[in-house]
Amino acid sequence: MTLKVYLSGEIHTDWREQIIDGAKGLDVSFDSPVTDHGASDDCGVAILGAEDNKFWHDHKGAMVNAIRTRKGIADADVVVVRFGEKYKQWNAAFDAGYAAALNKSLIVLHGPDHAHALKEVDAAALAVAEEPAQVVQILRYVLTGELPA
């Protein structure tokens, strides 16, 4: 069995790299949104033209980024959505809801401090992890049937 995993959410830490490194040797491929914050914010105006109003600047970027995000989530077998500690990631919550609406296998990743705020998101997930290593263990178990040592 091969799994396509989409890694969505927080872009300020190395959680994606931890999961990708931990999953070496497993039959899994990974995809994610553009994680260069500046490129993600400015892609719309860089490609489609400048905007004087910040709302339209952000709107253009969100629409261009949505092309990649929708395709990545639609093609994924598993969607992992990480909520970081520092920022409110409304886009991550949207991605989790979109994945749930598409009936994707959803793994939510966040610390215990967000448990109450994310209770509805967590309820839609098949697993709620606190550490990237737990996501790797889930993928390993799904692909091989092996429990952690």
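This is a short chat about aromatic pairs and a surface patch in a predicted model.

Q: What kind of model is this, and how are residues numbered?
A: The model is predicted: local features need pLDDT of at least 70, side-chain atom pairs count only at pLDDT 80 or more, and totals for chains, interfaces and linings use all residues. Residues are numbered from 1 along each chain as its sequence is written, and side-chain values use heavy atoms, with hydrogens and water left out.

Q: How many aromatic pairs does the structure hold?
A: Two. Rings of Phe, Tyr and Trp (its six-membered ring) pair if their centres lie within 6.5 Å; planes under 30 degrees apart count as stacked, over 60 as edge-to-face and the rest as tilted.

Q: How do phenylalanine 55 and tryptophan 56 pair?
A: Edge-to-face, with 4.7 Å centre to centre and 85° between the planes.

Q: And phenylalanine 94 with tyrosine 98?
A: That pair is stacked, at 6.4 Å centre to centre and 10° between the planes.

Q: Where do phenylalanine 94 and tyrosine 98 lie?
A: Both are in helix 4 (residues 90-101), four residues apart, about one turn of the helix. Helices are DSSP runs (H or I, at least four residues), as are strands (E, at least two), numbered from the N terminus.

Q: Is phenylalanine 94 buried or exposed?
A: Exposed, because its relative accessibility is 58%. Buried means under 20% relative accessible area, exposed over 50%, partly exposed in between (1.4 Å probe, protein chains only).

Q: Changing topic, where is methionine 1 found?
A: Methionine 1 is in the segment before strand 1 (3-9), and its relative accessibility of 68% makes it exposed.
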